Every structure is written in C-alpha cells, then in structure tokens.
Amino acid sequence: MTVPVTAMPDDGATSAFEAVDLRRSYQLDGVSVEALRGVTLTIGQGEFVAVVGPSGSGKSTLMHLLGCLDRPTSGVLRVGGVDVATLDDTRLAELRNEAIGFVFQSFHLLARTSALDNVALPLVYRGVSRQERRARARAALEAVGLGHRMGHRPSQMSGGEQQRVAIARALVGDPRVVLADEPTGNLDTRNGEEVMGLLEHLNAERGVAVVLVTHDGEVAERARRQIHVRDGLVELDTGAPAADGEAR
Amino acid sequence: MRTGEALVMAVEALRVNRLRSALTMLGVIIGVLAVVILVAIGTGAKNAVEKEIAGLGSNIILVVPGQVGLGAAPTQSRLDLSDVAYVRRVVGDPSKVTVAVNSGEPVRVGRTEVFATLTGTDQYLPNVFDRPLRRGRGLSATDVDTRRRVAILGAEVAGKLFGDLDPIGRQVTIAGVRFRVIGVYETIGSTFGVARDQEVHVPVTTAQRLIGLPRVNGIAIGASGPDEIEPLQRRVVDALRARYPDEQFSAVTQTQLLGTIGTVLSMLTGVLAAIAGISLLVGGVGVSNIMLVGVRERTREIGLRKALGARQRDILGQFLIEAVLLTTIGGVVGILLGVGGALLIQALSPVPASITWWSIALAFGVSAAVGVFFGVAPARRAGRLDPVIALRAD
C-alpha cells in the first residue's frame, strides 16, 4: 500500500493477477514475521498454474492474498486489473464473489445443506433470485457430473463427490479464476485424479484460470506453469508469459 | 443478500439446534409472560378501584378536617352541624350538601346481632351519592329535625338480620337503642374495602346523641357538573379556613381520589412490570450467550461464506436476524401464554386482570429490542471475523 500506484496500461483484461513486490508480515508476540518478502508475478487469463512449495514457504499466504481474503502489508496486487488497495472490505467481498472461485482441501461444504444449495450459495450474496440460482447451480452440478446428486447432503457423498460439489460451487458464479488449495490433499489417488481431470477440463473448456496450491510434486507436474515459492520468495517460475513475465 | 434469504437461513439455523433454541427462547418466554400477566393484574386492580370510586356517584366533593393524603393520620373532627349549615350557605343550594357521622355499632334483632357501620346523615344524601333504595323510603327532613329513631339498612345487614322477611316497619336495636326500619338499600358492593352494604343510615341528629359527640366526620357536596367541581371546592375550603383560621381542611374530589389512587396503582403496575422486565433482561443475556456459542461453532462456516463473497453486513444481518427471531418467537409465545394466564387468573380467582393492548405491543417490542440489543455483539463478532483465520478454525 506504500507503493505508489501508477497508471495502468489496458492489459487489465488479459491478466487475472498482477502482483508487484507483494509483502505480507504478521505480528507474532510482538515480533514481525515476514511470510511473503516481495513476490512479483503475473498470471494471465486462462492459465493453469501450480504454486508449489513446502509448508511454511508462504504459498498459503500468497493464495490468501490472491484470493482477496487478506491484504498485503505492502506491494501492489491487481485482480482482473483492479488494485485491491483501492477497495474497502465490502467491495473486496464483492470482488471475491464475482472474480474468484475457491476450492479447499477440506471441501468446506455446509453440512446440513443439499449439494444444490451449497453450489448456489455464492449467488445468494450476489442477490440472484432463487429460481435463477437453482438453475445455475443445477447446470454447474451437471458440468461436474453430479446432476444425479443434487438433493444429497455432503455426508451422503464420497470425498471425491464432495470436492466436485465444491468445484461446481467455485464455478457457479462464472469467475475469472479458480483458486484451489490442495484440492486433492484429502482424496485418494483415484478421486484425486478425477478432480484434477475436472479442473483441467474446465480450464480448457471454459478458459477459467486455475491456480493450484500444492506441495505434491506429482499434482504440480500437471500444470503448464509452476511457481516455486520458498521462504516467502518466488524461487522458480517455469513459464511466465512472455508479454509481462520478465522479472523486475 | 435479501432479508428473505437471511430469514430462511436463520430459521434453518434455529431448526438445526432445536432444543438449544427452545431453551434460549424459554428465558424470553418467561420474561414476556411475567410482564403480560403482572401488567394485566396491575391494570385490573386499577380498573376495579376506579370503578368503585365512580360507583360512589358523580361530581362529589368530600370535605374533611385535617390534611388528606397517603399516610396522613386521621384527624379529630372539629366540624359540627352549624358548620354544615355554613357550608350550605356557601354552596348556595342546601340540597346539594349532605353530612356523615360514622361509628361502628352492634345491631341486633332478637338474638341475631351483626356489627355494622352506623352512619348519621340527612335527607339530602340521595342528591349527592348514588344510593338506590330497594324498599321503603329514605330519610326525611322531619326525621332529622326531630331526631327520629329510624334506620335504613344496607342490603347485607338486612339480609343477616331478617333473612327473607320484609324489614320495613320492624324494630332493630342499635347500641342498645331501638330503631324502626324505614328502608333497605340495594346491594352496591364496597369502596376501598368499606363494605357499604354493611352500613346502617340513621338521622345525623340521632346518631350524634347515640354516640355522645356533637361532631360530624365529613361533609359531602354534589357539584352540578365537572366544571363546577374545582371552583366549588376552592370556595368551600376558603370559607372554612376563614371561619377556622387555625384549622386545616381538605376537600377531596373523586377526580383527585382517582388521580391519587391511579398514580399509586400505576406505580405498582410499573414496579411489577420492571421486576418482570428483569427476567426478560436475563433472557436476553441468555440469547447473547447462545449466539456467541453459535458464532464460535460456526466460525468455519462464517469464513467460508466470507470467502464466497458475503460482506460483513451479510454475516452481521444473518446472526442479528437469528437473535431477533429467537426473541420475537419467544415474545409471541410469551404473549400467548401471558394472555391465557391472565384470562385464567381472571376466571379462577378474585384477582381482576385486564389485558391491555399497550402491554402486549410493549412486550413484543421489548423482546424484539432485546434480540437486537443482545444480538448485536455476537453478530458483530461474526461479521468481523477474519476469513483466513475463520477458515482455519476447527
């Protein structure tokens, strides 16, 4: 926030995320701990990126910043061309709702709610009518192959199915990007494979950018681009887009 | 998010924890119930007393010696019949003024004896008080002037002494002196615990001789209309003070009596309602407590909702509506039970209960306000949760 915001070129529409010298520090017992120490990267529309790193590397912090769940201590972050520093908490919530879909390791479904209503939840906060919500949620569930499970509750479904419901929920609002935090971490190999296949399919078919956060090298291998994070810094970026990927 | 959506969510959240919701509501239910019933009883008592006062007659001014007020000691009367004549001159119309001399005396017929309130009065009593006769006649001027030993019995005295017999023309012995019954009053109930059906009226002159004192206890004046009450009252008191500069006189009107008693009973009702209100407050604290537990339990859910785009005000609204729903449902149940309880008390006990709309509206309003007041803190806590931390909670 201390970095002056310069006038942006009209490339906002082509990049999902643009981070410049992103830093995030926490106060722990009065001691300042830097989780991110200056990350600069650009993720374009429709990319499939894996953020890889050991635990404590700062990759979760990076994901929280990219997901607008948290704000950087300093540096600039643009999501879909919008500088998040200019947004108040309400506008930030609206940006999350419209631009970002989340998939979590532990699914985070509402336990007593049907798959259909779980998927429709983001649209509730967008003020979409009940009828339209249900129609869109139905379509999203069909897209992940769960058209026959709409009335089921999470407890009545397998882990793989639950994660597919979560993916449908991430997609229902037509986001620019899906942020998946260890999406296969709680799944067996077969279900993990299925979920990865689904994410790849959605990326290819719909052009939704997918940012995968994982410490699993095998999962990361499947992404076209890998960003290795270590000690709060980008250690290696395998395929930054040529246009604006030059390290600054 | 729309309010309708939040309402559906809140109902669902309350349904999930049915027992907990019901127990939390119970605190509010008991509070509202207590408010409604106690206010109904207080109001009922006030109405009953006001009805009694109104039952005396209309536009009455009572002149008594000394200071009248709550807690004032009864004063020895200095007034006698010459003062009554004086007041009659001041008022201008002698027929609008009557007098009372009171004494508790035994009244006997044969072997049957009852204790009655002997009231010495005069022929003008019916012009001032509503005292309809069932049988016979009232006092005449001659009865008073010649100190006749005639009596008019209250309905209860007549019933106890004579049963089904017609008392007119029969003899009764009052304090050892024989009287002839000339009339019987209709049953009229009691005023301020004074059982007026237990009164025996005799000529004031006769009563003074019987008691052995030439005093009167009070003078009653009937004003011709509500507008005349106050000037008349002032005129009479001023005249009496001019006559007796060292004495205190008070003139009490029904309106003042109603006002004083009404104030006392309203205060009583208020105190009862306040005590009941405390239990409503305790119920509110219970709501607050349970909401805080709910926020803690649902931290992950709150984190998720925020990640999916819920704004702070969406979360705040969701929890606030939940709290208000708890207290308003509790309020409605409490009102229904309170109204039912008040009707039951009315039907099964001598305690009068009067349900007033304002107490119901107030109880509902207060319970909703309790929901808002005690819901705000937990709801704000929920709304301000950091999504990153909330998502990690277990």
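The exercises below treat the contact between two chains and the two sheets of chain A in a predicted model.

Residues are numbered from 1 along each chain as its sequence is written, and chains are lettered from A in the order in which they are written. Local features need pLDDT of at least 70 and side-chain atom pairs count only at pLDDT 80 or more, while totals for chains, interfaces and linings use all residues; side-chain values use heavy atoms, with hydrogens and water left out.

**Exercise 1.** Describe the contact between chain A and chain B.

*Solution.*
Step 1. Contact means heavy atoms within 4.5 Å. Chain A gives 23 residues to it and chain B gives 23 residues.
Step 2. Buried area is the accessible area (1.4 Å probe) that two parts lose on being put together, summed over both. The two chains bury about 2,200 Å² between them, and 60% of this lies on carbon and sulfur atoms. L69(A), H108(A) and Y125(A) supply 31% of the area that chain A buries against chain B, more than any other three residues.

**Exercise 2.** Find how many salt bridges cross the interface of chain A and chain B, and give an example.

*Solution.*
Step 1. A salt bridge needs a side-chain nitrogen of Lys or Arg within 4 Å of a carboxyl oxygen of Asp or Glu.
Step 2. By this rule there are two across the interface. One of them joins R133(A) to E5(B), where the closest N and O atoms are 2.6 Å apart.

**Exercise 3.** Work out the strand order and pairing of the six-stranded sheet in chain A.

*Solution.*
Step 1. Strands (E, at least two residues) and helices (H or I, at least four) are DSSP runs, numbered from the N terminus. Two strands pair if DSSP finds at least two bridges between them.
Step 2. The order is β6-β7-β8-β3-β9-β10 in an open sheet with mixed pairing. At the edges are β6 (100-103) and β10 (233-237), each paired on one side only.
Step 3. β6(A) and β7(A) (residues 177-181) are parallel, with four bridges. In this pair, I100(A) stands opposite V177(A).

**Exercise 4.** Do the same task for the four-stranded sheet of chain A.

*Solution.*
Step 1. The order is β2-β1-β4-β5, again an open sheet, and the pairing is antiparallel. Its edge strands are β2 (31-44) and β5 (82-83).
Step 2. Two bridges join β4(A) (residues 74-79) to β5(A). Across this pair, R78(A) stands opposite D83(A).
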